[in-house]
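Me: I've got a protein model open and I'd like to look at its hollows and its cysteines. Can you walk me through them?

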Amino acid sequence: MSAALFRVCLPGGDLESTTRFYSYLLQDDGERPAPGVHQYRLGTTLLAFHDATAEEPVGPSAAPLYLAMEEPLDLLQQRVRTLNPDHVGEIQRMAGGETGFFVVDPAGNRIALVDGVMQQAPRLREDATAGAILSMLSLQKDFLNEVKGGNLSRVRELVLMDSDLPALRDAAGISAIMHAAYKHQPHVALFLAERAGAIDFWEACALGQTERVAAWLDANPEAANQPSPDGFLPLGLACYFGHYPCVDLLLNRGADVNAASQNARQLYPLHSACGHREGPIAHKIAHRLVLAGADVHAVQQGGYSALHQAADRGDAALVALLLQSGARADAPADNGRTPLSLAAAWGHGAVIELLQSASESLAAA
């Protein structure tokens, strides 16, 4: 014999106010099967409220009702606060292992809204078959591809199948969070960071979570110059992803402004800053690095300087800053390309004028 939960019925107090609350919370009008009952279909279960004002007072439900929600918890919490701002708790790890928060409805019932993505998928046993292992590897590969592609809805679906996926790392030790960040998918990276629970120091730098970075440095001051599994330094990550407060913190905590990444790319923080997509942020961070003593002549793999990068992207403000800081407009990369030739190739008129003027000044000196 099998059984399934069919309906949960709670006292509704003033049924109309309770209905308004849950219709907004669940984004569903529900249904009124009888004059004193209003209910909502949650999967195969009905959540029903009855008009308790027409009966002997029984008070609210003593035990909380747990609802699994697909909406991100932080957004859900903000929305619920518009309903009942004085009775919304903080997001926390609950006794059953779920992540969620409590809210009190108009009838006084205590509701726990938990992360629907936290549902556990079956784990592979130690004696798992080859087919099961291949299936797991295929799932992980699919997951990383969707992460890199920024397909958040599909990433959510896969996490529902295996809640360990947010903490997945590839064979090189690079986490799914960092893959999302490198592919400029911040919405996916933040989703995975929330689901993974604990994130590491380099992930915190890449996501700009300055408080976590500070806490980590309080406990491990030497971490300011420790490379990530793929060789990038904390300061370089914070620069590349445009997190000025984190950059400032790392510099103040002893990060070496002239240390290159410990991988083939040999990126210096100034290169990373110039690689950020938003010009004003790149300029602000580059200026902070220059003030901290960044070497504007340092070259990355291929002999490219920060000025090469700024000229190639056509950022006149960044080019002017680097020139004023002593960068040479005529410095060639290993392939002979100069900042001026890169700017000319893309037709960056304002940058071309700046570099030509700087080159003429060098020639006249």
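Me: Okay, how many cavities of 30 Å³ or more does the count come to?
Reply: Keep in mind that this is a predicted model. A cavity here is a space where a 1.4 Å probe fits but cannot get out. With that rule, the number of cavities of 30 Å³ or more is two.

Me: Which elements give two or more residues to the lining of the largest cavity?
Reply: The largest cavity has a volume of about 60 Å³. Its lining includes Met178, Tyr182, Trp202 and Glu203. The elements that supply two or more lining residues there are H5 and H7.

Me: And how many charged residues does the lining of the largest cavity have?
Reply: Among the residues around this cavity are Arg169, Asp200, Glu203 and Asp230. Asp, Glu, Lys and Arg are the ones that count as charged. Next to five nonpolar and three polar residues, the charged ones number four.

Me: What about the second largest cavity: how many nonpolar residues are in its lining?
Reply: That cavity holds about 40 Å³ of space. Val257, Tyr268, Leu270 and Val296 are among the residues lining it. Besides two polar residues and one charged, the lining has nonpolar residues numbering seven.

Me: Now the largest pocket. Which helix gives the most to its lining?
Reply: This pocket has about 320 Å³ of space and 16 lining residues, with His184, Pro186, Phe241, His243 and His276 lying nearest its centre. Helices H5 (176-182), H6 (186-196) and H7 (201-207) each supply at least two residues of the lining. The top contributor, with three residues, is H6.

Me: How many nonpolar residues does the lining of the largest pocket have?
Reply: The lining is made up of 16 residues. Five of them are polar and two are charged. That leaves the nonpolar group, which comes to nine.

Me: Switching to cysteines: how far is the sulfur of Cys205 from the closest cysteine sulfur?
Reply: Cys205 is buried, at a relative accessible area of 0%. The closest cysteine sulfur belongs to Cys246, and the pair doesn't bond because the gap is too far, at 4.5 Å.

Me: Which cysteine has the sulfur closest to that of Cys274?
Reply: Cys274 is buried too, with 2% relative accessibility. Its sulfur has no bonding partner because the closest cysteine sulfur is 9.4 Å away, too far for a bond, and sits in Cys239.

Me: So how many disulfides does the count come to?
Reply: A disulfide is a covalent bond between the sulfur atoms of two cysteines. To count as one, the two sulfurs have to be within 2.5 Å. By this rule, the number of disulfides is zero.

Terms used. Residues numbered from 1 in each chain as written. Predicted model: local features only at pLDDT ≥ 70, side-chain atom pairs only at ≥ 80, totals over all residues. Heavy atoms only, no water. 1 Å grid on protein atoms, 1.4 Å probe; cavity = no way out; pocket = protein on both sides within 12 Å on 5 of 7 lines; lining within 4 Å. Points joined across faces, edges and corners; volume = space filled by probe spheres on them. Helix = DSSP H or I, 4+ residues; strand = E, 2+ residues; numbered from the N terminus. Buried < 20%, exposed > 50% of the residue type's maximum accessible area, 1.4 Å probe, protein only.
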